[in-house]
Amino acid sequence: MLEVQNIEKSFDRTPVLKDISFSLEKGQALAIIGSSGSGKTTLLRCLNFLERPDKGKIIVQGETLFDAQDASSIKEKDIRMKRLHFGMVFQAFHLFPQYTALQNVMLARQLLEKGKPGFKENKKKIYEEIETEAKELLDKMGLSDRMEHYPHQLSGGQQQRVAIARALALKPDILCFDEPTSALDPELTGEVLKVIRSLADQNMTMVIVTHEMAFARDVADQVIFMDSGVIVEQGDARQVIENPQEERTRQFLSRFSQTV
Ligand SMILES: Nc1ncnc2c1ncn2[C@@H]1O[C@H](COP(=O)(O)OP(=O)(O)OP(=O)(O)O)[C@@H](O)[C@H]1O
Ligand SMILES: [Mg+2]
């Protein structure tokens with residue numbers, strides 16, 4: 001489903017990602033762990049074309065979406081469509097405060113459909129479909145009684161679940177999470193992790209940056225441990241978290257020993 005080849009990225013000549021390569025099968029979940037500043041967010045931003053890698057390739061389902069050596073693969077006008085392969089859920093939920101939960105989930109799909117041929121003729125039907133799907137997604141997120149609420153009327157955990165529904169509404173091939181529970185209290189963390197776990201059970205392909213080690217071990221298929229912009233260790237989730245081979249991974253994980 002996803003192949004990342006030799007990605008490099010520097011900011012002001014400071015390397016932040018160095019020779020990052022990994023691949024992900026359809027239906028697999030990959031957890032990325034690592035200390036602050038190790039490059040996890042930058043890597044996700046590269047996948048979503050929010051940053052442009054200096055070197056490397058990003059391939060989704062055999063299609064090269066990005067190749068740093070091929071200028072034609074990085075045309076601004078194509079980036080928006082390419083970005084649709086990836087859904088993104090951030091640490092801060094970034095919902096639109098002036099819209100209800102339901103409207104937040106529908107909005108991006110509405111904008112997307114507006115740009116397609118035949119939209120005007122079928123507007124009513126398309127909008128009805130989008131609404132039905134958005135309601136189904138919110139229902140799946142356990143929010144059927146919160147659809148008409150505005151973000152400020154929702155708990156952090158509920159807002160994050162709306163953000164997940166919103167990302168799913170665009171039907172991404174790969175859903176990326178950047179520390180989706182870091183802004184949440186422990187009890188709200190649990191409800192969001194439960195939703196991500198159920199997506200894993202439904203074989204959603206996911207890349208999850210997380211500090212929840214037990215969650216990574218139990219839900220992810222693969223784990224990547226990053227330090228200072230390099231992949232220090234990658235492999236089977238349980239193997240990496242319970243029996244790391246590298247000293248740097250052991251040191252990092254020892255800080256979480258109470259929670260695993
Ligand atoms: N736009 C930018 N300009 C310059 N430096 C940046 C930029 N974005 C990130 N960096 C630097 O790149 C490095 C990696 O940052 P990144 O946010 O990817 O780390 P992270 O692993 O996500 O950390 P955290 O766990 O704190 O979220 C850091 O040293 C950061 O200061
Ligand atoms: Mg980060």
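Is F119 buried or exposed? Select F119 in this predicted model. Its relative accessibility is 9%, so F119 counts as buried; the cut-off for buried is under 20%.

**Stop 1: F119 and Y127**

Keep F119 selected and add Y127. Y127 has a relative accessibility of 22% and therefore counts as partly exposed. The two residues form an aromatic pair, one of five found in a search of the whole structure. A pair of aromatic rings is described by the distance of the centres and the angle of the planes. For F119 and Y127 the distance is 5.7 Å centre to centre and the angle between the planes is 50°, a tilted pair.

**Stop 2: F252 and F256**

Next, select F252 and F256. Their ring centres are 5.1 Å apart and their planes stand at 55°, so this pair is tilted. Both residues are buried. Now add F225 to the selection: ring pairs link F225, F252 and F256 into a cluster.

**Stop 3: helices α5 and α6**

Select residues 156-169 for helix α5 and residues 186-201 for helix α6. The two axes come within 8 Å and cross at roughly 20°. Angles under 35 degrees count as roughly parallel, which makes α5 roughly parallel to α6. The crossing of these helices is right-handed.

To see where they meet, show the side of α5 with G156, G157, Q158, Q160, R161, I164 and L168. On α6, the residues in contact with them are L188, E191, V192, V195, I196 and L199. Coloured by type, the residues of this contact divide into seven nonpolar, four polar and two charged.

Definitions and conventions. Residues are numbered from 1 along each chain as its sequence is written. Chains are lettered from A and ligands numbered from 1 in the order in which they are written. This is a predicted model: local features need pLDDT of at least 70, side-chain atom pairs count only at pLDDT 80 or more; totals for chains, interfaces and linings use all residues. Side-chain values use heavy atoms; hydrogens and water are left out. Rings of Phe, Tyr and Trp (its six-membered ring) pair if their centres lie within 6.5 Å; planes under 30 degrees apart count as stacked, over 60 as edge-to-face and the rest as tilted. Buried means under 20% relative accessible area, exposed over 50%, partly exposed in between (1.4 Å probe, protein chains only). Axes are lines fitted to C-alpha atoms, for helices over the stretch in contact, and angles run from 0 to 180 degrees between N-to-C directions. Helices (H or I, at least four residues) and strands (E, at least two) are DSSP runs, numbered from the N terminus. Angles under 35 degrees count as roughly parallel, over 145 as roughly antiparallel, 65 to 115 as roughly perpendicular and the rest as oblique. A crossing is left-handed if the near helix is turned anticlockwise from the far one by less than a right angle, and right-handed if clockwise. Contact means heavy atoms within 4.5 Å. Ala, Val, Leu, Ile, Met, Phe, Trp, Tyr, Cys and Pro count as nonpolar, Asp, Glu, Lys and Arg as charged, and the others, Gly among them, as polar.
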